[in-house]
Amino acid sequence: MILPIVAYGDPVLRKVAKDIPQEYPKLAELIDSMFETMYNAYGVGLAAPQVGLPIRLFVIDASAFADDDDLSEEEKESLRSLKKAFINPTIVEETGEEWAFNEGCLSIPDIREDISRKANIKIEYYDADFNKHVEEYNGLAARVIQHEYDHIEGILFTDKISSLKKRLLKGKLTNISKGKIRIDYKMRFPDAKKAR
């Protein structure tokens with residue numbers, strides 16, 4: 001089921017999300033709906049707060065990046081197969097040089113900015129069957145995970161830009177929260193009364 005994506009300005013996007021129990025109701029159904037919602041909006045990741053749920057869950061499918069000619073064959077292959085749900089994740093460490101990449105967000109349509117993040121991460125999480133994993137990722141895979149992880153910590157990518165850029169984007173962000181934007185997927189706007 002395609003869910004409405006919560007737009008910038010909604011308080012749920014600012015909450016630090018809560019861990020979920022293994023017996024969380026209809027978890028498999030929720031994960032399927034989140035993937036469907038993400039694909040419908042042409043995204044590569046989607047966190048539960050973006051569909052209005054303040055829980056520690058996000059899904060990613062980084063295969064869209066696997067066609068990038070600038071990447072090594074090894075990185076292309078790892079991105080091609082990176083489709084999974086992360087439940088109750090904790091980033092244990094972030095290492096390596098920071099590097100910038102142009103990011104966007106389904107909750108903040110039509111805004112893209114260069115964001116610097118560390119190159120490597122180590123993450124502990126449960127998969128959709130509640131099996132525990134500790135894995136390391138780097139490059140674009142690490143970045144997609146870091147972006148979605150920020151969502152469950154109540155952080156948006158626009159928090160990582162300079163105060164000057166934030167001031168320049170203020171009007172655009174206000175319009176997004178009011179639903180004064182053209183989008184081709186279902187959204188819920190905090191300062192407008194209905195989803196579009």
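Five strands make up an open sheet in this predicted model, and their order across the sheet is β2-β3-β4-β5-β6. The pairing between them is antiparallel. At the edges sit β2, residues 45-47, and β6, residues 132-138, each of which pairs on one side only. If you look from one strand to its neighbour, you will find them turned by 45° against each other on average, with direction ignored.

Let's walk through the sheet, pair by pair. The table lists three of the pairings, together with one facing pair of residues for each.

| Strands | Bridges | Residues facing each other |
|---|---|---|
| β2 and β3 (57-61) | three bridges | Gly45 and Ile60 |
| β3 and β4 | five bridges | Val59 and Ala85 |
| β4 and β5 | 13 bridges | Glu94 and Ile121 |

How do β4 and β5 connect along the chain? A hairpin joins these strands through two residues.

Next come the helices that lie across the sheet. Helix α1, residues 27-40, lies across β2, β3 and β4, the last of which covers residues 83-105. Its direction makes an angle of about 45° with β3. Helix α3, residues 139-152, lies across β2, β3, β4, β5 and β6, where β5 spans residues 108-126. Helix α3 runs at about 115° to β4.

Now for the inside of the model. In soluble globular proteins, nonpolar side chains tend to be buried together. Here, the largest nonpolar core has 38 residues. Which residues have the most contacts inside this core? They are Ile31, Met34, Leu46, Leu57, Val59 and Ile108. Two or more residues each come from β1 (5-6), α1, β3, β4, β5 and α4 (163-178). The largest share, six residues, is given by α1.

Ile31 is a good place to see how this core is put together. Leaving aside residues up to four places away in sequence, Ile31 touches Leu57, Val59, Ala85, Ile87 and Ala128. Two of these partners may look familiar from the table: Val59 and Ala85 stand opposite each other, with Ala85 in β4.

The model also holds a second core, separate from the one around Ile31. This other core has 22 residues, including Ala17, Ala62, Leu79 and Tyr149.

To sum up the picture, an open sheet of five strands has α1 lying across β2, β3 and β4, while α3 lies across β2, β3, β4, β5 and β6.

Conventions
Residues are numbered from 1 along each chain as its sequence is written. This is a predicted model: local features need pLDDT of at least 70, side-chain atom pairs count only at pLDDT 80 or more; totals for chains, interfaces and linings use all residues. Side-chain values use heavy atoms; hydrogens and water are left out. Two strands pair if DSSP finds at least two bridges between them. Helices (H or I, at least four residues) and strands (E, at least two) are DSSP runs, numbered from the N terminus. Axes are lines fitted to C-alpha atoms, for helices over the stretch in contact, and angles run from 0 to 180 degrees between N-to-C directions. Contact means heavy atoms within 4.5 Å. A nonpolar core is a set of buried Ala, Val, Leu, Ile, Met, Phe, Trp, Tyr and Cys residues joined through side-chain atoms within 4.5 Å. Buried means under 20% relative accessible area, exposed over 50%, partly exposed in between (1.4 Å probe, protein chains only).
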